[in-house]
Amino acid sequence: MRRLSKTSKIRNNISLHSKHGKSVEFLIKICDFIKSHKNTKEIVYPEYKESFDYVDSNFPHALIKEVKVYLCDHKLFFDIGIGRSLGFYSPISKIIVVAKQRTMKRKPIETLLESVEAKITLDEIIVHELLHYVSNSVVKGYVTREAEEEFAYGYSVRYLLDKGHSEKDIISNNFMPYLIGVVDKEKIKRKVIKMSKDKLGYDYDYFNGLTARKRKKDLKKVEKLLFKETIAEAKEIGKKIIKTYIDKKQIIEQQKENNDFDFMNLL
Ligand SMILES: [Zn+2]
């Protein structure tokens with residue numbers, strides 16, 4: 001009971017997505033709350049050795065093994081308003097938090113795209129979050145969230161390939177929810193409405209003149225095509241990321257061999 005009242009207090013006081021929700025004070029509170037929760041445990045090296053060793057070998061200056069990583073109940077992520085997330089790095093508290101397997105029921109899914117979930121294991125989540133740590137602590141973060149995420153997804157590619165995942169699986173299982181988020185939705189919408197001209201009976205300009213409610217209703221009629229086109233576009237972006245970062249990895253290897261390895265050359 002005490003635990004419940006504490007979580008709901010945090011949730012009620014400040015929402016992560018509210019205007020003031022991302023205040024430094026709130027983010028520190030969240031991390032302290034998770035760290036002190038009775039079911040939370042610290043992951044200490046050599047636990048998840050492969051994850052730490054992989055990032056450490058790529059970024060030896062980042063002192064990866066000193067980063068604190070906490071494993072908590074996934075329920076806590078719901079309590080702080082990030083239920084869809086599996087882990088995060090807090091640049092303020094300088095800790096990584098990853099969640100145990102999801103136990104909470106998902107809220108009803110409204111669209112096909114919402115049904116897409118990452119199929120990713122804990123060691124893979126840890127690699128991703130450690131890479132966020134690298135980009136924030138050594139490189140001092142990226143200007144855009146998209147670039148920051150691309151760094152973390154991109155530099156995890158080699159780890160995932162080494163585990164035996166195919167490029168196709170990496171895109172579909174590890175990257176897909178992220179990729180869907182970066183797809184140019186307007187471009188896809190325009191394309192699908194053009195393709196569905198016979199079905200809808202109008203063109204994109206006409207569609208844009210409709211009320212928001214009518215647009216939403218009509219988009220539902222072409223949802224399957226919208227989903228198909230979005231996934232296809234997302235896969236293309238995924239392929240590009242994999243190609244870019246495999247090339248980068250080769251550059252690193254070359255530099256290591258030439259003994260002029262310089263961290264900043266990676267970027
Ligand atoms: Zn991320």
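Here's a quick tour of the sheet, the helices around it and the nonpolar core. Keep in mind that this is a predicted model. The piece to find first is an open sheet of four strands, ordered β1-β2-β4-β3 with mixed pairing. Its edge strands are β1 (41-43) and β3, each pairing on one side only. From one strand to the next, the twist averages 25°.

**How the strands pair up**

- Strands of a sheet pair through backbone hydrogen bonds, and they can do that either parallel or antiparallel.
- Start at the β1 edge: β1 and β2 are antiparallel partners, with three bridges between them. Here Ile-43 sits opposite Val-69 of β2, and Glu-42 sits opposite Tyr-70 of β2.
- Next door, β2 (residues 68-72) and β4 run parallel and are joined by five bridges. Val-69 turns up again here, with Ile-96 as its bridge partner in β4.
- At the other edge, β3 (residues 87-90) pairs with β4 in the antiparallel sense over four bridges. One pair to look for is Phe-88, which stands opposite Val-97 in β4.
- β3 and β4 also make a hairpin, with four residues between them. In that turn, Lys-94 has a positive phi of about 55°.

**Which strand residues are buried?**

- Take β4 (residues 95-99): five of its five residues are buried, so the strand is largely enclosed by the rest of the structure.
- The side chains of β4 go both ways: Ile-95, Val-97 and Ala-99 point one way, Ile-96 and Val-98 point the other, and all are buried.
- β2 tells a two-sided story: Val-69 and Leu-71 point to one face and are buried. Lys-68, Tyr-70 and Cys-72 point to the other face of β2 and are not buried.

**Helices on the sheet**

- Helix α2 (residues 24-35) lies across β2, β3 and β4, and runs at about 65° to β2.
- Helix α5 (residues 122-137) packs on the sheet as well, touching β2, β3 and β4. The direction of α5 makes about 20° with that of β3.

**The nonpolar core**

- The largest nonpolar core has 46 residues. Those touching the most other members are Val-55, Ile-96, Val-98, Leu-130 and Leu-131.
- What does Val-55 contact, leaving aside its neighbours within four places in sequence? The list is Ile-64, Val-127, Leu-130, Leu-131 and Val-134.

**A helix with two faces: α8**

- In α8 (residues 185-195), the residues Ile-188, Val-192 and Ile-193 are buried.
- Looking down the axis of α8, you'd see its buried residues fall within an arc of 130°, so they line one face of the helix.
- A bit of background helps here: an α-helix has 3.6 residues a turn, so residues three or four places apart point the same way.
- Turned away from the buried side of α8 is a face carrying the exposed residues Glu-186, Lys-187 and Lys-194.

Definitions and conventions
Residues are numbered from 1 along each chain as its sequence is written. This is a predicted model: local features need pLDDT of at least 70, side-chain atom pairs count only at pLDDT 80 or more; totals for chains, interfaces and linings use all residues. A residue is buried if 20 or more other C-beta atoms lie within 10 Å of its own, exposed if 12 or fewer, and partly exposed in between; C-beta atoms are placed from the backbone. The arc is that of the directions from the helix axis to the C-beta atoms. Two strands pair if DSSP finds at least two bridges between them. Axes are lines fitted to C-alpha atoms, for helices over the stretch in contact, and angles run from 0 to 180 degrees between N-to-C directions. Two residues are in contact if their C-beta atoms, placed from the backbone, lie within 7 Å. A nonpolar core is a set of buried Ala, Val, Leu, Ile, Met, Phe, Trp, Tyr and Cys residues joined through C-beta atoms within 7 Å.
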